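Here are some short exercises to try with the structure open beside you. Have a go at each one before reading its solution.

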Amino acid sequence: MKNWKHLFAQLVKFGIVGVLATLIDWVIFYLLTNIINIHYGIATAISFLISTVFNYYLSVKYVFDVDSSTSKKRNFVIFLIFSIIGLGLNELILWICIEKIRLYNMIGKIIATGLVMIFNFITRKIFLEKSMKIIKK
């Protein structure tokens, strides 16, 4: 029962951190694409990178059970690898939504964010927490 409560608490914290990171991502994306007129592909990379650094800091500090004795560089590399994969998924989903389905870019961004969020939680939960225990052994 304790594991379910802990998982639920993590999901809530992940959600809060995710909402904040998403807002940062969306605001930067919107400003870059609609105000500065940067191509959505480049804007996505910039906004995603900035929000990922923010997300990493809060995730390690408040969300996931990352052993503080393990290397912070290693934690960040694992987080970054999956964030880059998430960025690739984000770019692919945006491309499909904008170029193929012809959705407004912010609608595509919402769809991409929702799908990538699921990927992010699962991979960060498994690899940040579990791999840190394996690496430490």
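**Exercise 1.** In this predicted model, decide whether Tyr56 and Phe79 are buried or exposed.

*Solution.* Start with the cut-off: buried means under 20% relative accessible area. Tyr56 has a relative accessible area of 13%, so it is buried. Phe79 is buried as well.

**Exercise 2.** Work out which kind of aromatic pair Tyr56 forms with Phe76, and which kind with Phe79.

*Solution.* Planes over 60 degrees apart count as edge-to-face.
- Step one: the ring centres of Tyr56 and Phe76 lie 4.8 Å apart with their planes at 80°, so this pair is edge-to-face. Tyr56 sits in helix α2 and Phe76 in helix α3, so the contact ties together parts 20 residues apart in sequence. Phe76 itself is partly exposed, at 27% relative accessibility.
- Step two: for Tyr56 and Phe79, the centres are 5.0 Å apart and the planes at 70°, so this pair is edge-to-face too. Phe79 is in helix α3 and Tyr56 in helix α2, so parts 23 residues apart in sequence are tied together.
- Step three: put the rings together, and Tyr56, Phe76 and Phe79 make one aromatic cluster. The structure holds 4 aromatic pairs.

**Exercise 3.** Find the elements that give two or more residues to the nonpolar surface patch, and place Ile107.

*Solution.* First, list the members: among them are Val27, Tyr30, Leu31, Ile107 and Leu115, and the whole patch has about 930 Å² of accessible area. Next, the elements giving two or more residues are α1 (2-35) and α4 (105-136). Finally, Ile107 belongs to helix α4 and is partly exposed, at 40% relative accessibility.

Methods:
Residues are numbered from 1 along each chain as its sequence is written. This is a predicted model: local features need pLDDT of at least 70, side-chain atom pairs count only at pLDDT 80 or more; totals for chains, interfaces and linings use all residues. Side-chain values use heavy atoms; hydrogens and water are left out. Patches are made of residues with over 30% relative accessible area and no salt bridge: like charges are joined within 9 Å, nonpolar side chains (Val, Leu, Ile, Met, Phe, Trp, Tyr) within 5 Å. Accessible areas come from the Shrake-Rupley method with a 1.4 Å probe; for residues, only the protein chains shown count as cover. A salt bridge is a side-chain nitrogen of Lys or Arg within 4 Å of a carboxyl oxygen of Asp or Glu. Helices (H or I, at least four residues) and strands (E, at least two) are DSSP runs, numbered from the N terminus. Buried means under 20% relative accessible area, exposed over 50%, partly exposed in between (1.4 Å probe, protein chains only). Rings of Phe, Tyr and Trp (its six-membered ring) pair if their centres lie within 6.5 Å; planes under 30 degrees apart count as stacked, over 60 as edge-to-face and the rest as tilted.
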